[in-house]
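Thank you all for coming. I would like to walk you through one structure this morning, beginning with its charged side chains and then turning to its buried parts.

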Amino acid sequence: MGVEPFLISSAVDCVIAQRLARKLCERCKRPVEIKEEVLSDVGFPTERYNHLFDREDGGLEFQEAIGCERCSGTGYRGRIGIYEMMVVTDEVREIVLKRASSEEVRRAAEEGGMIPHREDGLVKAARGITTIEEVLRTVV
């Protein structure tokens, strides 16, 4: 955008990105089991969220959209935000000042505790708020 890095690093405290995902209809959602390997194959870091998945058979319980008259047959009703918030720490500030790549900034932010969209979506899917398919549709 043509803004000098020192202006950005001194003026920005955090950056928030949002995606809107459809919420599952509470009336017609149904449990479905998804294998952990399938989630790993599409890039969901399940190993960091084992506390959400207390199944011993290798399957993780999520919810799937079915459809009813209340949700007009879609299986979804309403929206939920999937967020990613990067706090500009001293380390991130130094990297920005060095004009590092966006990948280096992302790596430093994640090491500083940033939860990426994909992981926030995984947590919301594990809690039965939305589906894995909806997270993939909105975040990818």
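**Salt bridges and buried residues**

Let me start with arginine 106, which forms a salt bridge with glutamate 110, the closest N and O atoms being 3.3 Å apart; by salt bridge I mean a side-chain nitrogen of Lys or Arg within 4 Å of a carboxyl oxygen of Asp or Glu. Before going further, I should say that this is a predicted model, in which local features need pLDDT of at least 70 and side-chain atom pairs count only at pLDDT 80 or more, while totals for chains, interfaces and linings use all residues. Residues are numbered from 1 along each chain as its sequence is written, and side-chain values use heavy atoms, with hydrogens and water left out.

Both arginine 106 and glutamate 110 lie in helix α4, four residues apart, which is about one turn of the helix. Helices and strands here are DSSP runs numbered from the N terminus, with H or I over at least four residues for a helix and E over at least two for a strand. Glutamate 110 counts as partly exposed because its relative accessibility is 30%, and arginine 106 is likewise partly exposed, at 30%; the classes are buried under 20% relative accessible area, exposed over 50%, and partly exposed in between, using a 1.4 Å probe and protein chains only.

Which other residue does arginine 106 pair with, at 3.3 Å between the closest N and O atoms? That partner is glutamate 84, and the salt bridge links distant parts of the chain, since glutamate 84 sits in strand β4 (residues 76-87) and arginine 106 in helix α4 (residues 102-111), 22 residues apart. Glutamate 84 has a relative accessibility of 11%, and therefore counts as buried.

Side chains of opposite charge can pair when their charged atoms come close. A search of the whole structure finds nine salt bridges. Another one joins the side chains of aspartate 90 and arginine 93, at 3.5 Å from N to O, and because these two are three residues apart in helix α3, they are separated by about one helical turn. Aspartate 90 is exposed, with a relative accessible area of 57%, whereas arginine 93 counts as partly exposed at 23%. Elsewhere, Arg22, Glu134 and Arg137 are linked in a network of salt bridges.

Staying with helix α3 (residues 90-97), we find Val92, Ile95 and Val96 buried. Why do they lie on the same side of α3? They cover an arc of only 100° around the axis, taken from the directions from the helix axis to the C-beta atoms. Just after α3, arginine 99 takes a positive phi of about 60°.

Now to aspartate 120, which lies in helix α5 (residues 117-126) and counts as buried because its relative accessibility is 16%. Leaving aside residues up to four places away in sequence, aspartate 120 touches Gly81, Ile82, Tyr83 and Ile115, where contact means heavy atoms within 4.5 Å. The C-alpha atoms of aspartate 120 and tyrosine 83 are separated by 6.5 Å, although the two are 37 residues apart along the chain.

Finally, the largest nonpolar core has 13 residues, of which Leu39, Phe44, Phe62, Ile132 and Val135 touch the most other members; such a core is a set of buried Ala, Val, Leu, Ile, Met, Phe, Trp, Tyr and Cys residues joined through side-chain atoms within 4.5 Å. To this core, β3 (59-64), α5 and α6 (132-139) each supply at least two residues.
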